Amino acid sequence: MAITKETAIDQITVTENGIVLYREATRIMEDGVELTKTYHRNSLTPAQDLTGVPDKVVAICKTAWTSEVIAKYNETTGA
Amino acid sequence: MTLRSAIITGTANININGTVGATTPSTGAFTTVAANTTVGVGGATPSASGAGISFPATQSASTDANTLDDYEEGTWTPSQGAGLTVVGTFSSAGTYTKIGRSVTIYGRVSGSTTVAVTASNTVFCAGLPFSGGGDNVYPGVAQNNSTTAGMFTQLTTTTIYAVGTMPATTNIYFSTTYFV
């Protein structure tokens with residue numbers, strides 16, 4: 001009987017204005033059968049500091065956050 | 001296959017898959033579902049713990065006004081907004097529950113010494129767990145040890161604005177419900 005813990009980014013969404021939303025799922029498994037799972041969500045705005053953000057999400061952010069997307073987002077927020 | 005009715009005794013999990021769910025059920029009812037029984041809808045694997053209804057991990061959105069198509073609960077991390085003055089180290093925590101298109105959030109932003117909102121209508125935190133379509137601004141309330149102030153969401157930027165100022169204390173707590 002082996003109890004294991006698995007953590008994975010199981011959802012990433014990029015909105016039209018460049019917001020990146022992602023969900024981290026943590027699953028507790030016993031012999032491959034899921035006993036329980038919990039979720040943690042985050043959202044990131046264009047050009048936000050990515051320190052501590054999972055690599056998979058960072059890669060998406062770097063692709064989505066072109067200079068045009070960042071400039072347009074800053075225009076709409078007055079940043 | 002049409003599921004008409006069922007009586008379940010003992011401990012069991014029921015999975016009503018997409019094939020059954022795609023049909024219009026005939027009149028019938030679950031009359032007894034034993035304790036510690038979970039039911040998966042939309043092909044979801046029934047939870048191994050507790051008793052209740054398990055929804056798919058990814059919402060299968062319904063346009064029908066009488067259909068509950070999603071449930072999810074979890075945590076989120078509020079990030080520091082430009083309008084939040086932090087003395088010391090910033091920390092935060094939050095929880096959310098999504099029922100259908102309704103999202104209720106709770107959050108806390110803290111400073112190891114203090115946090116304060118010194119100007120009105122500024123972003124004091126960001127990182128909402130869900131962004132939205134439709135209406136963008138939803139009102140809520142923020143509170144510290146001495147002051148209660150209004151706040152509002154801006155879903156397109158997943159940010160929360162403080163309506164008024166809040167004096168320096170260790171924590172600011174806030175809550176709101178919005179629709180996506």
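**Exercise 1. What covers the buried residues of helix 1 of chain A?**

*Solution.* The structure is a predicted model.

Step 1. Identify the buried residues of helix 1, which spans residues 55–64 of chain A: they are Val57(A), Val58(A), Cys61(A) and Ala64(A).

Step 2. Determine how these residues are arranged. They lie on the same side of helix 1 of chain A, because they cover an arc of only 135° around the axis.

Step 3. Examine the face turned away from the buried side of helix 1 of chain A. This face carries the exposed residues Asp55(A), Lys62(A) and Thr63(A).

Step 4. Name the cover. Over the buried residues of helix 1 of chain A lie, among others, strand 1 (3–14), strand 2 (20–30), strand 3 (33–44) and helix 2 (67–77) of chain A.

**Exercise 2. Describe the largest nonpolar core and the strands that supply it.**

*Solution.*

Step 1. Begin with the chain. Chain B has one helix and 15 strands, and 38% of its 180 residues count as buried.

Step 2. Find the central members of the core. The largest nonpolar core has 25 residues, of which Ile105(B), Phe124(B), Ile160(B), Ile172(B), Phe174(B) and Tyr178(B) touch the most other members.

Step 3. Assign the core to strands. At least two of its residues come from each of strand 10 (102–117), strand 11 (122–126), strand 13 (148–154), strand 14 (159–162) and strand 15 (166–179) of chain B. Strand 10 of chain B contributes the most, namely five residues.

Step 4. Take one member as an example. Leaving aside residues up to four places away in sequence, Tyr178(B) touches ten residues' worth of surroundings that include Arg101(B), Ile105(B), Phe130(B) and Leu155(B).

**Exercise 3. How many residues does each chain bring to the contact between chain B and chain A?**

*Solution.*

Step 1. Count the residues: 20 come from chain B and 17 from chain A.

Step 2. State the area. The two chains bury about 1400 Å² between them, with 42% of it on carbon and sulfur atoms.

Step 3. Locate the main contributors in chain B. Ala57(B), Thr75(B) and Thr157(B) lose the most area to chain A, together 25% of what that side buries.

Step 4. Consider the polar part of the interface. There are 14 residue pairs in polar contact across it, and two salt bridges. Strand 6 (residues 71–76) of chain B provides the largest share of the side of chain B that touches chain A, five residues.

**Exercise 4. Trace the salt bridges of Glu72(B), and set beside them a pair within chain A and a pair within chain B.**

*Solution.*

Step 1. Recall the principle: side chains of opposite charge can pair when their charged atoms come close.

Step 2. List the partners of Glu72(B). Glu72(B) forms a salt bridge with Arg41(A), with the closest N and O atoms 2.8 Å apart. Arg23(A) also forms a salt bridge with Glu72(B), the closest N and O atoms again being 2.8 Å apart. Arg23(A) lies in strand 2 of chain A and Glu72(B) in strand 6 of chain B, so this pair joins two chains.

Step 3. Check the burial, for which the cut-off is under 20% relative accessible area. Arg23(A), at 0%, is buried, and so is Glu72(B), at 5%.

Step 4. Turn to chain A. Asp10(A) and Arg27(A) form a salt bridge, their closest N and O atoms being 3.9 Å apart. Asp10(A) is partly exposed at 28%, as is Arg27(A) at 21%.

Step 5. Turn to chain B. Asp70(B) pairs with Lys98(B) in a salt bridge, at 2.7 Å between the closest N and O atoms, and both residues are buried.

Step 6. Join the results. Glu72(B), Arg41(A), Arg23(A), Asp10(A) and Arg27(A) are among the residues linked in a network of salt bridges.

Note on methods: Residues numbered from 1 in each chain as written. Chains lettered and ligands numbered in written order. Predicted model: local features only at pLDDT ≥ 70, side-chain atom pairs only at ≥ 80, totals over all residues. Heavy atoms only, no water. Core = buried A, V, L, I, M, F, W, Y, C linked by side-chain atoms within 4.5 Å. Buried < 20%, exposed > 50% of the residue type's maximum accessible area, 1.4 Å probe, protein only. Helix = DSSP H or I, 4+ residues; strand = E, 2+ residues; numbered from the N terminus. Contact = heavy atoms within 4.5 Å. Arc of directions from axis to C-beta. Buried area = accessible area lost by both parts, 1.4 Å probe. Salt bridge = Lys/Arg side-chain N within 4 Å of Asp/Glu carboxyl O. Polar contact = N/O pair within 3.5 Å; in protein donor to acceptor, adjacent residues only side chain to side chain.
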